[in-house]
Amino acid sequence: MIDYQLRQREYLLEISRAMTSRLDLPSVLRLILENAVEMLQGQAGLIALRQENGSLRVQASYGLPRGLLHLFAPLLTDIPAHAEREDLIRWTIPNLQMKLSLVVSAIGLGPSTGPWSFGTVPYGPVRCPGTKGSGHRLRQVVALPLIMEGILIGVIYIFRSRGGTFSANDRQVLASFADQAAIAVHNARLYQQLAHEKRRLDAIIENSADGVMILDPQRRIRIFNRALEEMTGWSTEEALRQPCSRVLALRDRQGKDICEAMCPLSQPKPEEHLYVEGDIKRPDDSIVTVGITYSPLYDREGHFVSVIANVRDITRFREAEEMKSTFVSVISHELKSPVSIIKGYADTLRREDAQWDADTLRQGLAVIAEESDRLNRLIDNLLDASRLQASAFKLELSYLQVDKLAEKVMEEFRTQSNEHMFTLDFPPDFPAVRGDIERSRQVLTNLLSNAIKYSPRGGLIRTGGWADDDWVYVYVADEGIGIPKSEQERIFERFYRAESPLSRRTEGAGLGLYLCKEVIEVHGGKIWVESAPGRGAKFIFKLPRG
Ligand code: ADP
């Protein structure tokens with residue numbers, strides 16, 4: 001008896017170990033069956049679990065060929081729905097013994113298997129301890145419910161092909177195996193639920209439009225989602241396990257690493273949430289402005305477990321804000337200076353106590369006219385820039401002879417500057433295109449006025465063009481300060497002014513080239529510059545011929 005109890009204890013221990021070391025439910029259930037069959041000196045066993053619709057389905061078997069399991073279906077019916085742990089021993093399935101006889105004779109009548117019995121079936125795991133020889137039909141069955149939290153979740157069946165009926169003690173022993181099976185099923189279901197929730201959460205994090213990053217207490221990256229990959233230029237693979245300050249090197253106003261600030265070692269109880277904004281440098285050296293909310297997570301005992309960082313790309317808001325403030329300062333400066341010159345000259349010229357000779361008068365009025373033109377151009381550019389932003393930029397297409405137009409615009413400038421020489425070089429058969437005359441005038445005006453502005457020492461300003469089968473090309477070239485390669489793309493951006501002492505001294509809103517580019521591009525053309533510092537600049541645009 002002691003030996004028997006010892007064996008039972010060993011079996012149960014083995015099952016517990018299996019349950020904690022692996023979560024693969026079918027193999028744990030099979031182990032339980034195998035041990036229960038041995039303890040009860042049976043030859044076969046089944047565990048059936050309750051499905052969502054309430055019916056039972058075989059989930060594990062021992063000592064029975066798989067191909068015949070469906071024939072055991074009658075044993076899985078009429079299961080009492082309620083079962084108390086206390087009266088497990090008395091729990092029965094009505095007519096179970098009779099159903100077994102039916103199943104056995106059904107198997108016996110099966111055409112291909114012949115009279116079914118242990119040892120004669122050529123397939124299935126027929127490993128029956130204590131069953132030597134063959135020809136033993138299943139004769140006895142005992143069934144006990146698997147109960148978890150008062151609910152029947154399945155049934156365990158043990159079969160004997162010889163020996164007497166199952167005793168009350170057998171049922172008692174089987175009850176502990178049934179308990180183990182119930183726990184295994186429960187654990188597996190909890191695990192499945194957990195895995196499902198985790199997958200759901202992973203999918204939410206992965207597909208979130210905001211960047212999400214989870215850090216461990218050592219501030220190493222544990223989770224890094226797709227939006228962050230795009231924002232930072234780091235792939236998840238590269239970013240995982242990296243210290244967060246390497247991937248998102250953000251500092252607060254005092255220059256302290258933000259990730260450090262969230263570290264529990266330096267600060268036992270960091271602020272609940274921390275929002276910071278700053279620039280991060282991507283591996284390709286481009287800059288992204290981000291706003292990050294850091295939220296520390298604690299477990300129930302108050303230990304710091306991780307930090308969740310929510311990262312939002314605010315580059316566009318930043319740019320829009322910067323643009324607004326640039327706009328205000330540029331406008332106030334650029335509008336004010338011609339107005340104060342005009343006012344100064346007008347006040348001087350109309351002084352009653354002074355007598356101005358005709359020459360001084362003409363010079364003064366010329367300055368007023370020039371500054372008014374400048375003001376006009378600036379206002380036009382501003383209006384167009386705001387129209388462009390509102391997408392209300394419409395072209396009025398007509399027959400356009402760019403060479404003739406360039407000549408006119410150039411003549412206007414020729415009268416304004418004594419320090420510069422102007423030349424025109426178009427072939428006589430320069431083709432006309434369809435284009436907006438006023439807009440094109442604006443392009444040429446901006447290019448020529450820049451050529452003058454950025455050639456403070458005077459020089460030659462050449463305007464000309466050529467054509468091929470598809471395009472007409474027009475250029476405006478000067479001998480001025482030139483533009484470094486690194487700035488040649490950016491000068492076409494709104495409000496962008498290249499960094500140079502001259503640019504700083506020269507009036508301008510950084511809108512001229514932006515408008516040129518927009519106008520040329522709505523025509524289906526392209527504009528670019530060829531230049532080097534100190535070697536002048538040649539702006540070229542092309543318009544489609546067809
Ligand atoms: P603005 O002249 O009002 O500053 P633009 O958009 O016309 O604005 O030009 C942008 C910048 O490009 C200028 O500030 C200047 O630095 C540079 N730039 C434009 N044209 C020339 C040129 N012909 N030579 C040298 N630099 C130029």
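Visitor: What makes the pair formed by a backbone atom of Gly 510 and an oxygen atom of the ligand a polar contact?

Guide: In this predicted model, a backbone N or O atom of Gly 510 lies 3.0 Å from an oxygen atom of the ligand. A polar contact is a pair of N or O atoms within 3.5 Å, so the pair with Gly 510 qualifies.

Visitor: How do you know that the side chains of Tyr 454 and Asp 478 also make polar contacts with the ligand?

Guide: An N or O atom in the side chain of Tyr 454 is 2.8 Å from an oxygen atom of the ligand, while for the side chain of Asp 478 the partner is a nitrogen atom of the ligand, at 2.9 Å. Both values are within the limit of 3.5 Å, and therefore both pairs count as polar contacts. Of the ligand's own accessible area, 530 Å², the protein covers 97%.

Visitor: Where does the ligand sit, and which elements give two or more residues to the shell around it?

Guide: The ligand is placed in the largest pocket, and the elements that give two or more residues to its shell are helix H12 (437-453), helix H14 (512-522) and strand E16 (537-544).

Visitor: Why is the phi of Asn 95 worth pointing out?

Guide: Most residues other than glycine have a negative phi. Asn 95, in the loop between strand E2 (56-62) and helix H3 (96-109), has a positive phi near 55°.

Visitor: How far should the coordinates of residues 110-135 be trusted?

Guide: The mean pLDDT of the chain is 84, with 88% of its residues at 70 or more, but over residues 110-135 the pLDDT is below 50. Where pLDDT is low, the predicted coordinates should not be read in detail.

Key: Residues numbered from 1 in each chain as written. Predicted model: local features only at pLDDT ≥ 70, side-chain atom pairs only at ≥ 80, totals over all residues. Heavy atoms only, no water. pLDDT = per-residue confidence, 0-100. Contact = heavy atoms within 4.5 Å. Polar contact = N/O pair within 3.5 Å; in protein donor to acceptor, adjacent residues only side chain to side chain. Areas by Shrake-Rupley, 256 points an atom, 1.4 Å probe, with all protein chains shown as cover. 1 Å grid on protein atoms, 1.4 Å probe; cavity = no way out; pocket = protein on both sides within 12 Å on 5 of 7 lines; lining within 4 Å. Sits in = over half its atoms within 2 Å of the grid points. Helix = DSSP H or I, 4+ residues; strand = E, 2+ residues; numbered from the N terminus.
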